[in-house]
Every structure is written in C-alpha cells, then in structure tokens.
Amino acid sequence: PMNEPTPIPPISGRAAAQRSQTPPPLDDEPMPQAVSVLTVIDSILKHPGRVLHELRCGRTLKVMLCLAGITLFCLGVYGTVTGSLTGGTQLWIAPAKILLGCAAAALICLPSLYIFLCLGGVDATLRQISGGLLSMLSLMSLLLIGLAPVAWVFSQSTDSIPLMANLHLIFWVIALFLGTKLLFQGMQGDRGTHSHLKIWIFIFAIVSLQMMTSLRPIIGQSANFFPSEKKFFVLHWLQMMGGNF
C-alpha cells in the first residue's frame, strides 16, 4: 500500500561503533553570569561548552585570564603538596618546577596541536585552539587539586619516593585522560580529527614526562635546582624504581 511507512535500514555495526565513540555535543551557549574565577570554575566542571563558546566568540580575554589564574593556583597548591614529602625548600621548589614544566610542555606542543587540528578539519584560529588547550590544562589542574588531599595523606605517612612518584604519575594520567575529553568534545572536525588528537595527546604526554624529568628532582631533594645529567624519562624511571635516583 502507498501509505505504509518506508522501513529504516538498520545501522551497521561499524557505523554504530563510530556513533558510540563520538563524544556528546557540548552546550554551545554563552555563560549567563558575569565572568569571574568562580563562575568559570562552575562552568568548566558542569557546562564546559559555555567556556569554549566564550573563547570562540565571547569574552575571550577575561575567560582566558580566569583559566590561567585557575591553572596557576591549582598547580601551585598541588606542587606544594608534592614537595611536602621532604619539606624544606621543596615546598616552593616543587610547585615552581611543576608550573614551569606544564607551561613549557603546553608551549612546545601548541604548534603541533594547531597543525593536527587543521589537518583534521577543524576550522579554528590559533587563539581559539590556545584557549581550548588552556581549558584542558585548567580542568586537569582542578582534578589534581581535588586529588591533592589524597596525595598529602600518603606524603605524611610514607617516606618512599618511588611510591609517591607512582602515585603522582597515576593522578597525572587520570587528569590528562579527563582533561583531553574536553578537548575532544570542543574541537569538532571531520572523522580524522579524533585520530589526529590521539596522536597529539601521546606527544603531549611524552613531552610532559620528559619535562618533569629534565626538571628533577620534584619529589626528592638535590643540591642543585636543575640536574647536571641529561636522562630519558624511561631510563630515569627504571633507575628510580631500582633505588638509583
């Protein structure tokens, strides 16, 4: 009969898998409140799409300043907790090195992020991509400061540097995983975008680990602010697990 509905073809397994792997869209709307540190924190935790919208076509400078302030404060507090294992000068050296390492890793990896996203079909300016990277770092720093009390409890109950190093590495991986999810959702392009982003995330993780190795020690103490010997982070980690710092 002419009035029968046209049957909808079933979704193939491959198409269904691609649909299930696609992150849900973010709320693409402006922030309803005035821009402040507290409203940006609330938005990036509950409605991150509002922050990304402001970065694209809204109060960009104010939001970026708030994100930078959040990142500096949270990483500084987490660095102080990290240095509390040995105390003394590490209470200011550890946060300084963590802030320096994160800033250097972000600046080093920003050009490759811009190129990879452009190759993936994202139509965004360098300023917008910089804002997306800063949003990722801000969310990561908020997650780390949320885990700081756990790190403090362990730092007050053990003197094992390898144990604390592994704990901080686990916390960094958790923060990186959840922070990059925001980057995945905010940077929409063609089907190749997520593949390019995965490659970049691997590069960013490697650069971050190497930067922290180049600025060692962050947990332990040393007579010099910077190490005199160059080491690959994998070799340094294996030596540290063996007791040779």
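This report describes the helices, the interior, the surface and a few selected residues of a predicted model.

## Overall build

The chain contains nine helices and zero strands, and read from the N terminus its elements therefore run α-α-α-α-α-α-α-α-α, with helices being counted in that order. Among the 245 residues of the chain, 43% count as buried. If one looks at the contacts in the chain with a separation of 6 or more, residues 24 or more positions apart account for 70% of them.

The surface can be described in a similar way, for the chain exposes about 13300 Å², and carbon and sulfur atoms supply 68% of that area.

## The nonpolar cores

The largest nonpolar core has 43 residues, and within this core L113, M136, W200 and F204 touch the most other members. Several helices contribute to this core, since α4 (60-83), α5 (90-119), α6, α7 (161-186) and α8 each supply at least two of its residues. A second core, separate from this one, consists of 16 residues, including M31, V51, L67 and L182.

W200 gives a closer view of how one residue of the largest core is surrounded. Leaving aside residues up to four places away in sequence, W200 touches C109, S112, L113, F116, L133, M136 and L183; of these neighbours, L113 and M136 are also named with W200 among the core residues that touch the most other members.

## The loop between α8 and α9

Two residues discussed here, P217 and I219, are placed in the loop between α8 (193-214) and α9 (233-241). The peptide bond that joins R216 and P217 is cis, with an omega of about -5°, and this deserves attention because most peptide bonds are trans.

Is I219 buried or exposed? I219 has a relative accessible area of 13%, and because this value is under 20%, the residue counts as buried. Not counting residues up to four places away in sequence, I219 touches T82, L85, T86, Q90, I161, M164, A165 and H168. One of these partners, I161, is 58 residues from I219 along the chain, and the C-alpha atoms of the two residues are separated by 6.9 Å.

## A buried lysine

K97 has its place in helix α5, and at 1% relative accessibility, which is under 20%, this lysine therefore counts as buried. Where does the side chain of K97 reach? The side chain comes to the backbone oxygen of P217, at 3.1 Å. With residues up to four places away in sequence left out, K97 touches M212, L215, R216, P217, I218 and F225, a list that includes both residues of the cis peptide bond.

## Features of the surface

A nonpolar patch on the surface is formed by V150, W152, V153, F154 and L163, which together have about 450 Å² of accessible area. Helix α6 (residues 126-157) gives the most to this patch, with four residues. W152 lies in this helix, and because its relative accessible area of 47% falls between 20% and 50%, W152 is classed as partly exposed.

A search of the whole structure finds one salt bridge, in which the side chains of D42 and K46 meet at 3.0 Å from N to O. Both residues lie in helix α2 (residues 37-46), where they are four residues apart, about one turn of the helix. D42, at 28% relative accessibility, counts as partly exposed, whereas K46 is exposed, because its relative accessible area of 58% is over 50%.

Methods:
Residues numbered from 1 in each chain as written. Predicted model: local features only at pLDDT ≥ 70, side-chain atom pairs only at ≥ 80, totals over all residues. Heavy atoms only, no water. Buried < 20%, exposed > 50% of the residue type's maximum accessible area, 1.4 Å probe, protein only. Contact = heavy atoms within 4.5 Å. Patch = residues over 30% accessible without salt bridge, like charges linked within 9 Å, V, L, I, M, F, W, Y side chains within 5 Å. Areas by Shrake-Rupley, 256 points an atom, 1.4 Å probe, with all protein chains shown as cover. Salt bridge = Lys/Arg side-chain N within 4 Å of Asp/Glu carboxyl O. Core = buried A, V, L, I, M, F, W, Y, C linked by side-chain atoms within 4.5 Å. Polar contact = N/O pair within 3.5 Å; in protein donor to acceptor, adjacent residues only side chain to side chain.
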